[in-house]
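Work through the exercises below with the coordinates open. Each one sets a task and then solves it step by step.

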Amino acid sequence: MIPLHRPAADEDLLRLCAERSESIRRLGATSKAAQDQWRAAKAAKNGIRALLLRMAPGVERCMYCLDSVGTDIDHFEPKSRRPLRTFCWHNHLLACSRCNSNYKRTEYPCDAFGQCLLIDPSVDDPADHLTLLAASGEFEARTRKGEETLRVFGLNRPELLMGRQDAYIKCRDVMTAWHGYVREGDHAEAELRARALHREPFADVLRALEELARLPHARLVLGDELSEAAAAWLAASTLPVAAEDTPRAVPRSRSETPAPVSSSTPP
């Protein structure tokens, strides 16, 4: 998981969602009413999905595992638990079918005070609750919220561990190649590699590598070549957008960039 920027929904989408919420209220605010209204709400769902796709990391990745393409609109707090939040824009995230249907399903663990114990990447910084060991691909929980998130989403399942291990090798190699092109002054080739890194699955691996590069002993952990490349990557990511003839800055990932919001009614 990585932090995600949630854009504001436009007035047309908010109106569509409010109308559906009112229908659920009139029907008794039951789980069945919520399910029926959600099933029939083609226009509202199209608008919600369009916004989620723009805020998703990489190439429309699942916001939980960051591996598979996000196919499902997940209700973070399940419809069955809080029917009147069925159409709340802040209650929607993009998930792959495996995370949504095989793991999370209707789970929504809470503490004794009723506070949710799952990480919402559009609200929380997952790094406050989870530590990713980049080379092994394993997450370690730092808090109870981290523990419950690992359990509910199965974030340490074998295929994700292997995927993150592969992603670490790719990040390491591509970042080193990027640095080589930067030093040669071939900024067009460097930018292609930077964009490729941001499109890769497992964006949390890239973020973990960036955090390792910030350590005082980064050179001991990453080695000379990778630590130099990562330091240059971090420095470039803080630069303003460069002129066309010297594209030095690292492109920001879509999850870090506020998404444009359509003013037209969703189809």
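**Exercise 1. Classify His198 as buried or exposed.**

Solution. Buried means a relative accessible area under 20%. The value for His198 is 16%, so His198 counts as buried. Note that the model is predicted. Next, place the residue: His198 sits in helix 7. Finally, check a remote part of the chain. Val59 is 139 residues away from His198 in sequence, yet their C-alpha atoms are 8.7 Å apart.

**Exercise 2. Find what surrounds Lys104, and decide whether Lys104 is buried or exposed.**

Solution. Start with the location: Lys104 belongs to helix 4, residues 97-104. Then take the accessibility. Lys104 has 0% relative accessibility, so this lysine is buried.

Now look for polar partners of the side chain.
- The side chain of Asp74 makes a polar contact with that of Lys104, at 3.4 Å.
- The backbone oxygen of Phe76 lies 2.9 Å from the Lys104 side chain.

Last, list the contacts, leaving aside neighbours within four places in sequence. Lys104 touches Tyr64, Asp74, His75, Phe76, Cys99, Leu118, Val152 and Phe153.

**Exercise 3. Work out which way the side chains of strand 1 point.**

Solution. Begin with the general pattern. Side chains in a regular strand alternate between the two faces of the sheet. Now apply the check to strand 1. Asp72 and Asp74 point one way, while Ile73 and His75 point the other way. Both sets are buried. Then find the pairing partner. Strand 1 and strand 2 are antiparallel and share four bridges. Across from Ile73, in strand 2, stands Leu94.

**Exercise 4. Describe the environment of Thr86 in the loop between strand 1 and strand 2.**

Solution. First, the accessibility. The relative accessible area of Thr86 is 0%, so Thr86 is buried. Second, the contacts, again without neighbours within four places in sequence. Thr86 meets Ile24, Ala34, Trp38, His75, Lys79 and His92.

**Exercise 5. Analyse the hairpin of strand 3 and strand 4.**

Solution. Take the pairing first. The two strands run antiparallel and are joined by four bridges. One residue pair to inspect is Leu132, whose bridge partner in strand 4 is Phe139. Then go to the turn. Four residues lie between the strands, and Gly137 of this hairpin has a positive phi near 80°.

**Exercise 6. Compare the span of helix 6 with the expected value, then list what covers its buried residues.**

Solution. Helix 6 covers residues 158-184, which is 27 residues. At 1.5 Å a residue, 39 Å is expected. From first C-alpha to last, the helix reaches 40 Å, close to that value.

Next, pick out the buried positions. They are Leu160, Gly163, Arg164, Ala167, Tyr168, Cys171, Met175, Thr176, Trp178, His179 and Gly180. Their cover includes these elements:
- strand 3 (130-133) and strand 4 (138-141);
- helix 7 (187-199) and helix 8 (203-213);
- helix 9 (218-222) and helix 10 (224-237).

End at the residue just after the helix: Gly185 has a positive phi of about 85°.

**Exercise 7. Search the whole structure for aromatic pairs and characterise two of them.**

Solution. The search returns four aromatic pairs. Two numbers are needed for each: the distance of the centres and the angle of the planes.

Take Phe76 and Tyr108. Their ring centres are 6.0 Å apart and their planes meet at 85°, so the pair is edge-to-face. Phe76 is in the loop between strand 1 (72-75) and strand 2 (92-95), and Tyr108 is in the loop between helix 4 and strand 3, so the pair ties together parts 32 residues apart in sequence. Phe76 is buried at 6% relative accessibility. Tyr108 is also buried, at 16%.

Now take Trp178 and Trp233. This pair is edge-to-face too, with 5.2 Å between centres and 75° between planes. Trp178 lies in helix 6 and Trp233 in helix 10, 55 residues apart, so distant parts of the chain are linked. Relative accessibility is 2% for Trp178, which counts as buried. For Trp233 the value is 1%, again buried.

**Exercise 8. Identify which rings have Arg6 and Arg157 over their faces.**

Solution. Start from Arg6. The ring below is Trp89, with its centre 4.7 Å away. Then turn to Arg157. This arginine lies over the face of Tyr103, at 4.5 Å from the ring centre.

Definitions and conventions:
Residues are numbered from 1 along each chain as its sequence is written. This is a predicted model: local features need pLDDT of at least 70, side-chain atom pairs count only at pLDDT 80 or more; totals for chains, interfaces and linings use all residues. Side-chain values use heavy atoms; hydrogens and water are left out. The expected span of a helix is 1.5 Å times one less than its number of residues. Buried means under 20% relative accessible area, exposed over 50%, partly exposed in between (1.4 Å probe, protein chains only). Contact means heavy atoms within 4.5 Å. A polar contact is a pair of N or O atoms within 3.5 Å; within protein, one must be able to donate a hydrogen and the other to accept it, and residues adjacent in sequence count only if both atoms are side-chain atoms. Two strands pair if DSSP finds at least two bridges between them. Rings of Phe, Tyr and Trp (its six-membered ring) pair if their centres lie within 6.5 Å; planes under 30 degrees apart count as stacked, over 60 as edge-to-face and the rest as tilted. A charge sits over a ring if NZ of Lys or CZ of Arg is within 6 Å of the ring centre and within 35 degrees of the ring normal.
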